[in-house]
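These are my notebook entries from a session spent looking through a structure with several chains. I wrote down what I looked up in the order in which I turned to it.

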Amino acid sequence: MSDHNNQAVARYRNDFLKEVEEHVEEGEWVKMCMQCGVCAGSCPLGAHWEHTPQKLFMMIRAGKREEVLRSDAMWMCTSCYNCVVRCPRHLPITHIMHGLASYAHRLGLAPKNQPTREFAKIFWDNLVNKGRVNELKLTLALYFKDGLVQGIKNALAMQSIGLGMVKAKRLNPMEIFGGHGLRDLKGFQAIVAKAREIEDKKKGYTN
Amino acid sequence: MAKKEYAFYPGCSSQLKASASNYLTSVNSMCKTLDVKLTEIPDWNCCGASIGYAEGGELPRVAINARNFALAETHLPGQDIVATCAACWLGARESKERLDNNSVLMRDTNEALAAAGLHYKAEVNIRHMVEVLIEDFGFDELKKPVKKSLEGVKFAGYVGCQTNRPFGIDGESFENPKYLDKLVETLGGEAVDSYDQKVTCCGGALAFSEPEKSQKQIRDIVESAYDHGAEMIVTPCPLCQANVEVYQSEINKKQGTKFNMPVLYYSQLMAVAYGGSMKDAGLDGQLIRAEKLNAITQK
Amino acid sequence: MAEMKTAAYLCAGCGLGERLDLGQMEKIAQKEGKMALVRRHDFLCSSEGVALIRDDIEKEAVSHVVIAACSRRAKTEAFDFPTVAMSRANLREGVIWIVAEGAEHDEVRQEMANDYLRMGCAELKKMKLPEGNPNKAGNKTVLVVGAGISGMTAALETAKTGYEVVLVEKSGELGGWAAKLWKRVPSRAPYDKPQDTGVAELAAQVTSHQKIRVHLNSTLAETAGAPGRFKVKIAKESGAVAEEEVGAIIQASGFESYDIAKLPELGGGLPHVTDQAGLEVLAKTANGKPIKRADGGEIKSVAFVQCAGQRDDTGTHLPYCSGHCCATSIKQAMYFKDANPEVDTVVLYTDLRVPGMGEDFYRSAQEKGVIFTKAKVSKVESAGAASRVNFRDLILDEEVAMEADLVVLATGQVPNSGVNIDLPDEDETKSKQVSILNLNYRQGKDLPQLTHGLTDSHFICFPYETRRTGIYAAGPVRRPMDILQATEDATGAAMKAIQAVENADAGRASHPRVGDLSYPIVRLEGCTQCKRCTVECPFGAIDEDERRFPVFNESRCRRCGTCMGACPVRVISFENYSVDTVGNQIKAVDMPDEFSEKPRILILACENDAYPALDMAGLSRHVYSAFVRAIPVRCLGSVNSIWITDALNSGYDGVMMMGCKHGENYQCHFVKGSELANYRMSKIDDTLKQLGLEVERVASYEVAITDNARVATLINDYVAKIVEIGMSPMKGFG
Amino acid sequence: MTASIATSQTILVVGGGIGGMTAALEAAECGKQVILVERNPTLGGRTALLYRYFPKMCHPTCGLEINLKRLKGNRKLRVMTQAEVTAVSGSAGDYTVTLKLRPRYVNKNCTACGDCGKSVAGEMANPYDYGLSKIKLAYLPHAMAYPQRYVLDPAIIGTPNAEKAKAACKVGAIDLDMKEETVEIKVGSVVWATGWKPYDAAKIQPYGYGRFANVVTSVEFERLADPRGPTGGKLLRPSDGQPAKNIAFIQCAGSRDENHLRHCSRICCMASLKQTHYVREAYADDAAGPGKSTIYYIDIRAIDRFEDFYKKVQEDPTVQFVKSKVASIKQNASANLILHGVDTEGYHRYAQEHDLVVLAIGMEPEANGIKLPADMLVDSSGFIEGSKDGGQFAAGSAASPTDVNRSVQSATAAALRAIQVVHRTAAVEEAT
């Protein structure tokens, strides 16, 4: 596929667009963009984007598969929905960004060591593990994602906040031993597994 | 006024000893005054939050939300689901809208739910606590139980993102929603209506992964509150509350600012105004103490 | 007509009674104005005041009336006496509202009012109640030239209103370009898909309508005459010539598609590059099945290149945008998507121009998967069995290329407007354009063109105003347009044509002096055959006979008076507007002597813009000098230079000419009037020098109707300048 | 009153703007009986509030003057102002139309001398300046108003102010006892020329109209540029009355937007291009240098021969084009506006400061606020397509977003369609 990127034959053909429409959450909206750029200007993290949403949509239409899926742009989304409410074509841009990120992640094309990507994975695993998010474990997992030493450093750096939270009874150090969980955790996990199975089958994910 | 009953979806952050546990405390206190009965959806699960997308994908996220709906429909029939957390409300409401408008998604979701013997019937409504307050009570009703006016305290109403977009509350504008200001005034406080960061994103979703970027957002939010003469920030969102409050010290450390702006939930203000104690209002849970409110509870 | 009996009515209302000595004015009307009846009323426009005048008209046989009250633009419903000649002395907007308040201005205010009354009386005596053009002509058949959508619509709408139609079409069938289309762009909600052209049904209705006679394979060999009495020779391909008499003409001669061969850089001439018209042929052949290339090849990808040979700023191709092509490409992309969604369609555009509800059509195309790319195409070349389109993607900011099985160039519309009559003769023959109308008019064979070969109207408010009365252009010949617009345009043109025949039948002028029953009357015995009137008439109304005398085709005339202004021997006049009606006013002013320090400035103001601006200066109470005397004229083009010399000879210290903007964006409602006036005035310097006068004593101004405050400033500045120059030495010699 | 003026061969034109006046005049000049009803106290509609037209830069009041002259001279045409259609019943060729006539409190004696205006205290926002100036409660709408008669605002009826006005009038023109009337008329055909209204700019929240003083709409900018407008033609910004010299024009303000108006309003690109001329002319002789215009756009829709006009503006070095839908506007301490967005041609992020922002506001059908007869067909934006029975038509910007030129074409066509209906009626009556 990547070879095609440089070949006029495939450029501006709809192959990648169709792939996005089929596999990316809300991907069927990409064709509706009219390139006004309001999303690009509305993003609070816009200045950090390599590509703006509207530009990503144009790249998809131009068949730039590799560049799009390897972009770290969609990982900058803070889910603030500014773009969504301003888009004159009602594109669910936030969701398309999530969808593209997810798709790139599942295909293994998303940038390695992308911090948001890693956080998102840890978050989901944390969630599936207990059915509810365990904030302490989530935090620790994050601090230690780059290894033990870095983790201790990270944790120390944020120690005052953590202690404050504990004092304010808004962080429970005992959660490390269990914490909130679902009674029917098994059922919950079965739902997640089944949903994932259905989705993976549809999208052709193998991992 | 007759007792109102709702299926309550507190969300992960509002559990005991979680980051927004004081939100829960104050909501309970507020509801007691307003004679509202909140019954937790039995065995509710996490909404997946927006950050769940990367690993979670679409169907698993929708399915876990649908699990909550199905539980509510089964155990608390006829009651609206009320969420206090912006992310929970948004995640749930978005899931519901997609399910109700997409028969394929509905079929797949119910197939997944069947794995736990559940079924979603598309009967339940999803609402935010603020919607309940405004629509089911209205400002006039909310004013009635006020015992201690918040007079003399200036609040910047910080609405944030997800309580405001894409759905919003009370037909208010996305750029300049006024319901927090109206609520503050209802309680006798002073709303800083020129506050211009009302709907700025706090960067919460990236607080962990992109700290500099999100802290830049927080700095703007706090700075503007100071600039416009606010003494406290009030918000409806636990993620906003936590981020904006928690990271002030971090920003002070890195950038030499002297931020010390209390960040409160609307429910805390109401609990105080309704005569609650510091504990009832969850004020003991503040990292940055809201001394002026503490003082009012002592009156 | 009965004896002339004059009457002057002075109004004392609106403060006139308080600010003016009406007793003095009554005497002026009697003695100087020689009015048979002079009456004063406290509130002349009241029903009582109006009844007073009406009674005099009925019982006293008053035939000529001066109303000395407010402006001729005010109280028109009250002072509505169609059976008498009437002049209005503007004492309110023209005097008391603009002269400074206070007793120190009483004298000049009174003098100004007295003069306007004198002028009103003087004008009146030279006026006649217009009786209508005696050469009126009553043929009410409408000729429609061209049987495309525009022509057929015009014909049918005219016939449906009850008028006979002659429809001339040069080809062998009805339908024009639209008949060559597979589908058309939608014209109704929900604007989401191509729609049947409806051409066949329209043609069937035209063919079967009892009031429409169709001449196929025919062109106009000659068009002569005027509204209500056009005579046309219709030449058949066979050589036969039919003659028809018609009352008005609608020219719906359409367009040609810009020649794709002129666009080699965009692949014009390559086998798999076509224009939009070419694609319609392929689509018709496919008849709803997947479209194939001309060589029968399968099409999996199509690129549409917008603005091909249009919006060109190099001077090589069409400079304008043809308006419809974006929507047409969208429609054509849908041909492919509707037959097979797997075909890739890309529209390469710089500005996507689908105004109005076209936005829905655009959205619908996106929903169907048509891809839109903001791009500037540089080159289209052959690439094996396909074509390669090289372009700059303006969003991605890079030079790229794509390949497509078929490339469609959105080329523009070139109007079939016939001969450009404004080109010198030798250029005209070179241009090889064939005349559409073959008018035998002195000023040329076809409608004058506005720009880029288009016969559009120059007027925003009056889109049907061509410079040939009774001949209306409709459809893409006058402006690039789509079918929806052409249909609307043709219906409007039918309305105008019907109006033209009705006006001709009644002997009335048409727009903008619609209803005017006056018409140019020429004293041929005084004519020197100088041809100025025939050359300068903005509407080509005047021809020449075999002895080279002017022939006034009254129903072609718009009554602007440009001919009257042009005539060096002053033999052209209107019953109620002539060299004398204005000349007499100029001379009626009481001229103070050289030592009075009271200069007199004559203002000749266009009655449509400058005069209302003066009026509204009054309404807004902008104060200006009481030394001016303003006379409204139909158009500055009607100003005869004798008025200027008469004024200077009789001691006026200056003349201000106030007319509309001229030049490219002229605002003159008679097209060339203000321009001609400007030209003529540029020659007046010699006259001034002969008289030993400073050139500043005649000044021309472009005044817009919005210049309410500005006219006051202009006047005051000019008066100051005249004071500086000094009084005219001509006083007392007049 | 009803019986004498109307038969089923009469054409009713609803709306007295350029479209309605044209439809009425074209039909009347063809010899038809026409009634022209206008909701406001004056004819002229929105075009009377424009300073100049594109692409000629000529003055709308010039055409209005001609049309008024045509109208004054035509006996077939009857004008009713302050008249609103409240119901239409019947069918093509035989409609009964109910009109609500609001009182003017000034009768035809009025000479527009202005004494009443001078006498009354109190002012209101001048609707003929889009509220940018004040007008007395006894007023002449504007210099070109027709009928040229004063109006009393209903707010002063029953107050001493009204009595003052009455006392000031020397010609007995003020009649405080006028009442609202309802009349029925019989007409054969109806032309709806109800026109358009500017989209409510406050709804476009990111642009801060209503919150930021120096964000104005394009129609308001016309008033600022007009020498007869609130600033005497100077481009002064509302916040502090200082000259605006660095002006942003934001295209598609409300148009082409699913959140607001779905359609493209057609005129706005040309209107902004035109308004850059105002900026250039306003500072042509300014020693401090020329004014600057920046146009933020998605597509410049200068269709057909308007392209010439666009090209000329492009050649002007004081005008800049940025291909971007502005995302949001913030106001700074000096009441300047910071426009945030991204130029999508290539991707250039900007935070551009301007001293005035003009929103090229979209056209919404005025009929969206009018109760139309039940069988009227309208499109998804509320533009009128006509009645199902074929006896009622739309003209001008009631039918689609149009400029004046197209509006007049459309009105001319609508006049013919209306004539066809009453001709049919006449033919039927003659036959029977």
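The entries below go from the contacts between chains to domains, sheets and a pair of helices.

**Entry 1: what kind of model this is**

Before anything else I noted that this is a predicted model, and I kept that in mind for every value that I wrote down afterwards.

**Entry 2: chains C and D**

I began with the chains that touch, and I found that, of the five pairs of chains in contact, chains C and D share the most contacts. I then looked up how many residues take part, and the contact draws 76 residues from chain C and 62 residues from chain D. On the side of chain D that touches chain C, I found four helices that each supply at least two residues, namely α2 (18-28), α3 (60-72), α8 (307-315) and α9 (404-431) of chain D. The largest share of that side comes from α9(D), with twelve residues. When I sorted the side of chain D that touches chain C by class, I got 21 nonpolar, 20 polar and 21 charged residues.

**Entry 3: chain C with chains A and B**

Next I looked up chain A, where 14 residues are in contact with 17 residues of chain C. The side of chain A that touches chain C is made up of seven nonpolar, two polar and five charged residues. I also asked myself how far apart the nearest C-alpha atoms of chain B and chain C are. They are 18 Å apart, and these two chains do not touch.

**Entry 4: the domains of chain C**

I copied out the domain assignment of chain C, which gives domain 1 (1-129), domain 2 (142-254 + 416-506), domain 3 (259-413) and domain 4 (591-734). Taken over C-alpha atoms, the centres of domain 1 and domain 3 of chain C are separated by 69 Å.

**Entry 5: a sheet in chain C**

In chain C I followed an open sheet of four strands with parallel pairing, in the order β27-β26-β28-β29. Its edge strands are β27 (628-633) and β29 (698-702) of chain C, each of which pairs on one side only. From one strand to the next, the twist averages 20°. I looked more carefully at strand β26 (residues 601-606) and strand β28 (residues 654-659) of chain C, which pair in the parallel sense over five bridges. In β28(C), C:Met656 is the residue that stands opposite C:Ile603.

**Entry 6: a sheet in chain D**

Chain D has an open sheet too, with five strands in the order β3-β2-β1-β11-β24 and parallel pairing. I wondered which strands stand at the edges. They are β3 (77-80) and β24 (392-394) of chain D, and each has a single partner strand, so one side of each is left without a neighbour in the sheet. In this sheet the twist averages 20° from one strand to the next. Strand β2 (residues 34-37) of chain D runs parallel to β3(D), and four bridges join them; there I found D:Val34 opposite D:Leu77.

**Entry 7: two helices of chain B**

Last, I looked up helix α3 (residues 58-75) and helix α4 (residues 86-100) of chain B, which pack at an angle of about 95° with their axes 9 Å apart. That angle makes α3(B) roughly perpendicular to α4(B). Among the residues that meet are B:Val62, B:Ala66 and B:Phe69 in α3(B), and B:Ala92, B:Lys96 and B:Leu99 in α4(B). By class, the residues of this contact of α3(B) with α4(B) divide into five nonpolar, four polar and two charged.

Conventions:
Residues are numbered from 1 along each chain as its sequence is written. Chains are lettered from A and ligands numbered from 1 in the order in which they are written. This is a predicted model: local features need pLDDT of at least 70, side-chain atom pairs count only at pLDDT 80 or more; totals for chains, interfaces and linings use all residues. Two residues are in contact if their C-beta atoms, placed from the backbone, lie within 7 Å. Ala, Val, Leu, Ile, Met, Phe, Trp, Tyr, Cys and Pro count as nonpolar, Asp, Glu, Lys and Arg as charged, and the others, Gly among them, as polar. Two strands pair if DSSP finds at least two bridges between them. Axes are lines fitted to C-alpha atoms, for helices over the stretch in contact, and angles run from 0 to 180 degrees between N-to-C directions. Domain bounds come from an automatic or database domain assignment. Angles under 35 degrees count as roughly parallel, over 145 as roughly antiparallel, 65 to 115 as roughly perpendicular and the rest as oblique.
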